[in-house]
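Please open the model in your viewer with the cartoon representation on, and keep the sequence panel beside it. The tour moves from one selection to the next and says what is to be found at each stop.

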Amino acid sequence: DGGEGRPAIRALDDRTVRQIAAGEVVERPASVVKELVENSLDADANRISIAVDAGGTEGVRVRDDGVGMDRDDVKMAVEEHTTSKISDVSDLEAGVGTLGFRGEALHTIGAVSRLTLRSKPRGGDGAGTELRVEGGEVTDLRPAGCPAGTVVEVEDLFYNTPARRKFLKTTATEFDHVNTVATQYALANPDVALSLEHDDREVFATEGRGSLESTVLSVYGREVAESMVRVDAEPDAGPVESVTGLVSHPETTRSGRDYLSTFVNGRYVTDRLLREAVLDAYGGQLASDRYPFAVLFVDVPRETVDVNVHPRKMEVRWDHESGVKSAVESAVESALLAEGLVRSSAPRG
Ligand code: ADP
Ligand code: MG
């Protein structure tokens with residue numbers, strides 16, 4: 001020890017460092033789904049299929065028809081801090097146009113699971129490449145027949161980190177998280193056909209034809225889809241450029257907040273300010289402890305918001321909190337007012 005009963009300060013070995021870092025990115029199966037789907041979207045996919053077993057605790061598979069990778073790309077992709085999305089800090093400062101850029105997801109997922117990746121470049125002929133990684137070690141790299149695009153299979157998440165494995169919740173709870181993540185990406189990308197399967201049963205499949213209404217129908221069903229009201233506002237002044245999307249009739253509600261989906265500049269966020277703005281717009285029309293459905297896209301100038309506060313948490317830092325809140329609240333309120341679903345909060349006279 002360090003003397004006088006103090007524990008000595010020591011350098012952690014590489015394996016420990018890697019596993020601590022992995023925990024920052026990958027908390028549960030839903031985080032694997034998030035990272036893989038973001039990679040598929042960044043790869044310009046038109047179709048993404050997600051399949052999970054036992055809530056994702058036994059397996060997660062994400063297949064896309066994106067740009068794909070050749071053999072060298074595949075080898076690089078699972079190394080530490082490797083990315084095709086930025087090259088240096090000037091790219092970061094200019095603003096990143098992709099969902100990923102840290103270059104750590106595939107590497108860290110591979111460190112805490114058994115990962116198989118198969119990929120073939122779009123338009124490429126001949127065979128693709130298959131790569132296997134177990135607990136961070138590449139165990140196989142070979143040519144493999146596969147369609148253009150990429151499929152990543154992640155089995156036995158946390159098999160080599162029993163302490164983390166122990167913190168996984170029930171299959172049902174883990175699946176709820178997976179479903180929430182898949183739903184957010186489906187809603188944010190109506191032009192992508194995105195499907196989710198659980199234990200070989202289809203949960204939802206969107207058409208990918210670009211319509212938000214039909215995407216909502218696919219993920220939430222007819223009752224909800226038919227109660228939705230269009231929000232479409234472009235404030236002339238203030239910090240918000242536009243607020244668009246769909247919100248439900250005040251009587252179409254659920255008991256949890258899971259169905260309040262907000263996106264800032266296309267990115268899913270869980271932001272208290274935006275949720276409050278939506279709820280306040282209903283002006284007391286909601287039953288207590290009931291929450292409406294909302295799929296709301298808020299666009300603001302890129303430099304006035306920080307959506308990358310933490311790789312895992314989906315929080316936001318705003319430059320102009322109160323202006324954002326009132327713009328969103330009034331956009332939703334006028335949509336509801338136009339349908340006669342709330343009473344005007346303006347003083348009458
Ligand atoms: P990041 O997304 O931050 O770049 P990742 O570890 O998630 O880091 O991925 C590393 C790299 O692997 C990406 O930059 C990309 O070049 C490549 N890649 C990962 N997934 C796919 C995919 N589904 N299709 C094509 N390329 C991919
Ligand atoms: Mg990524």
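Which residue of β15 does V247 stand opposite? Select V247 and look across to β15, where the residue facing V247 is A294. Bear in mind throughout that this is a predicted model.

**The whole chain**

Before going further into that pair of strands, zoom out until the entire protein is in view, with its eleven helices and 17 strands. The radius of gyration is 22 Å, close to the 20 Å that the globule rule gives for 349 residues, so the protein is as compact as a globular protein of that length. Along the principal axes, the C-alpha atoms fill a box of roughly 75 × 65 × 45 Å. Of the 349 residues, 39% count as buried, and among contacts with a separation of 6 or more, 67% are between residues 24 or more positions apart.

**The five-stranded sheet**

Now select β9, β10, β12, β13 and β15, which form an open sheet of mixed pairing in the order β9-β10-β15-β12-β13. Its edge strands, each pairing on one side only, are β9 at residues 228-233 and β13 at residues 267-269. The twist averages 20° from one strand to the next.

Start at the β9 edge, where β9 and β10 run antiparallel and are joined by six bridges; one place to look is A233, whose bridge partner in β10 is V243. Continuing to the next pair, you find β10 and β15 antiparallel as well, over six bridges, and here you meet again V247 opposite A294. Colour β10 by burial and you will see that the strand is mostly covered, with five of its seven residues buried. At the other edge, select β12 (residues 260-264), which pairs with β13 in the antiparallel sense over three bridges; T262 has V269 of β13 as its bridge partner.

**Helices against the sheet**

Add helix α8, residues 212-220, which lies across β9, β10 (242-248) and β15 (294-299) and runs at about 40° to β10. Then add helix α10, residues 272-281, which lies across β10, β12 and β15 and runs at about 125° to β12.

Next select A331, which has its place in helix α11, residues 321-338. Is A331 buried or exposed? It counts as buried because it has 25 C-beta neighbours inside 10 Å, and the cut-off for that class is 20 or more. Leaving aside neighbours within four places in sequence, A331 is in contact with V231, A233 and V243, and two of these names are familiar, since A233 and V243 are the bridge partners visited above. A distance label drawn from A331 to V278, C-alpha to C-alpha, should read 9.1 Å, although these residues are 53 apart in sequence.

**Strands β1, β2 and β6**

Move now to β1 (residues 47-53) and β2 (residues 59-64), which run antiparallel and are joined by six bridges. Select D53, which stands opposite G59 in β2, and then follow the chain into the hairpin, where five residues lie between the strands and A54 takes a positive phi near 50°. β2 is also joined to β6 by six bridges, again in the antiparallel sense; in this pairing R61 has E153 of β6 as its bridge partner.

**Two aspartates with positive phi**

From β6 (149-155), step into the loop that leads to α6 (162-166), where D156 is found. Phi of D156 is near 55°, a positive value in a residue other than glycine, and D156 counts as partly exposed because it has 16 C-beta neighbours inside 10 Å. For the second case, select D200 in the loop between β7 (193-198) and β8 (201-205). D200 has a positive phi of about 70° although it is not a glycine, and with 7 other C-beta atoms within 10 Å it is exposed.

**Around ligand 1**

Finally, select ligand 1 and the 23 residues around it, of which N39, A43, T83, G100 and A105 come nearest. Helices α2 (29-42) and α5 (105-111) each supply at least two residues of this shell. Which classes of residue make up the shell? Colouring by class will show seven nonpolar, eleven polar and five charged residues.

Definitions and conventions
Residues are numbered from 1 along each chain as its sequence is written. Chains are lettered from A and ligands numbered from 1 in the order in which they are written. This is a predicted model: local features need pLDDT of at least 70, side-chain atom pairs count only at pLDDT 80 or more; totals for chains, interfaces and linings use all residues. Helices (H or I, at least four residues) and strands (E, at least two) are DSSP runs, numbered from the N terminus. The radius of gyration is taken over C-alpha atoms; the globule rule is 2.2 Å times the number of residues to the power 0.38. A residue is buried if 20 or more other C-beta atoms lie within 10 Å of its own, exposed if 12 or fewer, and partly exposed in between; C-beta atoms are placed from the backbone. Two residues are in contact if their C-beta atoms, placed from the backbone, lie within 7 Å. Two strands pair if DSSP finds at least two bridges between them. Axes are lines fitted to C-alpha atoms, for helices over the stretch in contact, and angles run from 0 to 180 degrees between N-to-C directions. A residue is near a molecule or strand if its C-beta atom, placed from the backbone, lies within 6 Å of it. Ala, Val, Leu, Ile, Met, Phe, Trp, Tyr, Cys and Pro count as nonpolar, Asp, Glu, Lys and Arg as charged, and the others, Gly among them, as polar.
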